[in-house]
Amino acid sequence: MSHLNVDPSEIAKFEALAAKWWDQNSEFKPLHQINPLRLNWIDERVQLAGKRVLDVGCGGGILAESMARRGAEVLGIDMGAAPLAVAQLHAQQTGVNNIQYQQIPVEQLAAEQAHSFDVVTCMEMLEHVPDPASIIKACQQLVKPNGHVFFSTLNRNPKSYVFAILGAEYILKLLPKGTHDYKKFIRPSELATWIRQAQLNLKESIGLHYNPITKYYWLAPNVDVNYMVYTRAEV
């Protein structure tokens with residue numbers, strides 16, 4: 001696996017938790033809670049119904065399946081076999097037929113299916129791989145001309161360390177300890193550079209926020225911690 005753009009220790013983290021992906025009271029509770037915000041933000045910009053969508057780093061399929069439920073034809077890819085098996089089983093059990101899953105590196109899929117998708121999403125993944133720029137370039141290669149590409153990740157600054165690692169993993173225990181590596185967090189300026197180098201156009205950024213007292217998530221312009229970006233492959 002060393003030649004792939006994959007960190008085996010990162011894959012192992014999520015493999016170990018695979019059975020819990022769809023347990024809304026498990027370590028994946030935050031993903032379930034933010035998913036409607038992410039889904040609606042994407043859907044408002046691209047109108048998912050009828051679109052061919054690729055979800056890169058789909059894990060157990062929380063976002064991928066929700067996009068399929070909005071009427072998209074979805075392919076979810078990941079390098080973890082166990083989360084993919086959970087995702088496939090959940091789709092079968094809940095009767096979601098317009099979704100497929102595949103264990104394949106995104107760079108390989110880009111070589112095989114260039115310009116095949118109307119929409120590509122890559123959420124909460126870039127901070128878990130050795131070479132984020134390679135992932136972004138592959139996403140650009142996979143989307144059709146004038147298609148839509150979405151990314152989400154974590155900003156790298158003292159505030160994000162306090163909130164995303166000390167707060168989420170150690171104090172509030174929203175996530176397992178060791179889920180994130182602060183050194184791999186990505187500043188918006190760095191992400192914007194890689195997006196530009198991949199010949200994508202950055203259209204919009206939004207921050208994802210959490211109040212630990214009210215346990216409420218919301219979207220707002222501040223991108224200090226968690227943030228999402230919307231890009232277009234404009235020709």
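What follows is a short dialogue on reading a sheet, one of its strands and one of its residues in a predicted model.

Colleague: Let's begin with the sheet. How many strands does it have, and in what order?

Modeller: This predicted model has an open sheet of eight strands, ordered S3-S2-S1-S4-S5-S8-S6-S7, and the pairing is mixed.

Colleague: Which strands stand at the edges?

Modeller: Strand S3 (99–103) and strand S7 (216–220). Each has a single partner strand, so one side of each is left without a neighbour in the sheet. As for twist, neighbouring strands are turned by 20 degrees against each other on average, if you ignore direction.

Colleague: And which helix packs on S5, S6 and S8?

Modeller: That's H8 (residues 188–197), whose direction makes about 20 degrees with that of S8. Another helix, H3 (residues 62–69), lies across strand S1 (52–56), strand S2 (73–78), S3 and strand S4 (117–123). H3 runs at about 155 degrees to S3.

Colleague: Let's zoom in on S8. How do I read the two faces of a strand?

Modeller: The general idea is that side chains in a regular strand alternate between the two faces of the sheet. In S8 (residues 226–232), seven of the seven residues are buried. One side carries Asn226, Met228, Tyr230 and Arg232, the other Tyr227, Val229 and Thr231, and both faces are covered.

Colleague: Which strands does S8 pair with, and in what sense?

Modeller: Strand S5 (residues 143–154) pairs with S8 in the antiparallel sense over seven bridges. Strand S6 (residues 201–211) also runs antiparallel to S8, joined to it by seven bridges. To find the register, look at bridge partners. On the S5 side, Ser152 stands opposite Met228, and His148 has Arg232 as its partner. Over on S6, Leu202 is partnered with Thr231.

Colleague: You mentioned Ser152. Is that residue buried or exposed?

Modeller: Buried: its relative accessible area is 1%, and the cut-off for buried is under 20%. Ser152 belongs to strand S5.

Colleague: What does the side chain of Ser152 find as a polar partner?

Modeller: The backbone nitrogen of Glu124 lies 2.8 Å from a polar atom of the Ser152 side chain. Polar contacts are counted within 3.5 Å, so that pair falls inside the cut-off.

Colleague: Which other residues does Ser152 touch?

Modeller: Leaving out residues up to four places away in sequence, Ser152 touches Arg38, Cys122, Met123, Glu124, Met125, Glu127, Tyr227 and Met228. You'll recognise Met228 as the residue opposite Ser152 in S8.

Methods
Residues are numbered from 1 along each chain as its sequence is written. This is a predicted model: local features need pLDDT of at least 70, side-chain atom pairs count only at pLDDT 80 or more; totals for chains, interfaces and linings use all residues. Side-chain values use heavy atoms; hydrogens and water are left out. Buried means under 20% relative accessible area, exposed over 50%, partly exposed in between (1.4 Å probe, protein chains only). Helices (H or I, at least four residues) and strands (E, at least two) are DSSP runs, numbered from the N terminus. Two strands pair if DSSP finds at least two bridges between them. Axes are lines fitted to C-alpha atoms, for helices over the stretch in contact, and angles run from 0 to 180 degrees between N-to-C directions. Contact means heavy atoms within 4.5 Å. A polar contact is a pair of N or O atoms within 3.5 Å; within protein, one must be able to donate a hydrogen and the other to accept it, and residues adjacent in sequence count only if both atoms are side-chain atoms.
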